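Good morning, colleagues. I would ask you to look at the ligand site first and at a pair of helices afterwards.

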Amino acid sequence: MSDEEDDLILSELPDEELVPQMMDDLYDGMKEEVEEGVNILLERGWTPYDILTKALVEGMAIVGVDFRDGILFVPEVLLAAGAMKGGMEILKPLLVETGAPRLGKMVIGTVKGDIHDIGKNLVAMMMEGAGFEIVDLGINNDVDKYIDALKAEGADILGMSALLTTTMPYMKVVIDTLVETGARDDYIVLVGGAPLNEEFGKAIGADAYCRDAAVAVETAKELIMRKHNRGAD
Ligand code: B1M
């Protein structure tokens, strides 16, 4: 680290310099600095959602590009992920409402063979903030874990996340099993993750592909309302 960076006082930077600095700190895996930046932006009246999307998620996108291009490697990316999680932990209680009427229950998890969980955690957080009850199964979930949890929890929604082109086909295994056991129509199935798209969501028989956490919330609200209306018929 240069002397110049040593002397940097984050709280003295205007927003337009602080946000890029936070992205640099995220890139460098500097968890404490990222957390400090998040707290400063909160004090300045930024909404938790804006901090998430404009500082943390955008920062992680830069990490993703350099990881792809072989400039960053797994240990560095793990540090960046740790810094991102530090920032997300601060924002979580602010995104999660209390006492709001529950809109429905979602079981969510990353699929078998895949350990990426930042996006999934973000979706869980935002869904909880919007009034959904969340059962987070974590990473590396096989079909039995999803289906057992859906039944045990009496869930309305299944959310699956995959970040690898090699793990995304597993979502179809889960949906096919729901179909085979006659349980497919009991649940709204939402899927997401960087390598997916709308077409893939349709092809595997999901109810919707969600580009990001905000879309997941909107889609879940819309589909659960339709499900309740159908039930009232
Ligand atoms: Co990984 N990795 N990684 N990695 N990693 C990617 C995904 C990759 C695209 C990087 C690259 O090459 N550019 C690449 C995949 C290439 C491919 O499949 N075509 C890749 C690779 C190759 C690998 C390894 C194989 C590397 C290796 O070991 N050689 C390995 C695989 C391990 C495994 O899973 N078995 C690996 C490991 C890792 C780390 C452990 C180092 C770390 C993960 C740490 C963690 O998650 N705890 C990591 C990271 C951090 C990344 C990148 C850089 C960032 C992912 C992330 O957190 N993004 C990623 C590059 C990229 O995605 N551009 C990459 C931020 C997050 C907020 O976005 O997850 O997309 P995202 O979530 C969004 C939406 O997609 C959506 O909403 C979220 C919020 O808006 N969404 C959902 C996600 N899930 C949803 C579920 C829903 C709805 C919406 O359900 C309802």
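Which atom of the ligand is 2.8 Å from an N or O atom in the side chain of His 116? In this predicted model, the partner of the His 116 side chain at that distance is a nitrogen atom of the ligand.

His 116 also serves the metal: its NE2 atom is the single protein donor to the cobalt atom of the ligand, at 2.2 Å. In the chain, His 116 sits in the loop that runs between strand S1 (104-110) and helix H6 (118-129).

Around the ligand there are 32 residues, and those that come nearest are Arg 68, Ile 115, His 116, Asp 117 and Ser 161. Backbone atoms take part as well. An N or O atom of the Gly 113 backbone is 3.0 Å from a ligand nitrogen, and one of the Thr 165 backbone is 2.9 Å from a ligand oxygen.

I turn now to the helices. The axes of H4 (residues 48-68) and H5 (residues 74-95) approach within 11 Å and cross at roughly 170 degrees; H4 is therefore roughly antiparallel to H5. Residues making the contact include Leu 52, Leu 56, Met 60 and Phe 67 from H4, and Val 77, Met 84, Gly 87 and Leu 91 from H5. By class, this H4–H5 contact comprises 18 nonpolar residues, one polar residue and no charged residues.

Thank you for your attention.

Notes
Residues are numbered from 1 along each chain as its sequence is written. This is a predicted model: local features need pLDDT of at least 70, side-chain atom pairs count only at pLDDT 80 or more; totals for chains, interfaces and linings use all residues. Side-chain values use heavy atoms; hydrogens and water are left out. Donors are N, O and S atoms within 2.8 Å of the metal (3.2 Å for Na, K and Ca); water is not among the atoms, so sites may look incomplete. Helices (H or I, at least four residues) and strands (E, at least two) are DSSP runs, numbered from the N terminus. Axes are lines fitted to C-alpha atoms, for helices over the stretch in contact, and angles run from 0 to 180 degrees between N-to-C directions. Angles under 35 degrees count as roughly parallel, over 145 as roughly antiparallel, 65 to 115 as roughly perpendicular and the rest as oblique. Contact means heavy atoms within 4.5 Å. Ala, Val, Leu, Ile, Met, Phe, Trp, Tyr, Cys and Pro count as nonpolar, Asp, Glu, Lys and Arg as charged, and the others, Gly among them, as polar. A residue is near a molecule or strand if one of its heavy atoms lies within 4 Å of it. A polar contact is a pair of N or O atoms within 3.5 Å; within protein, one must be able to donate a hydrogen and the other to accept it, and residues adjacent in sequence count only if both atoms are side-chain atoms.
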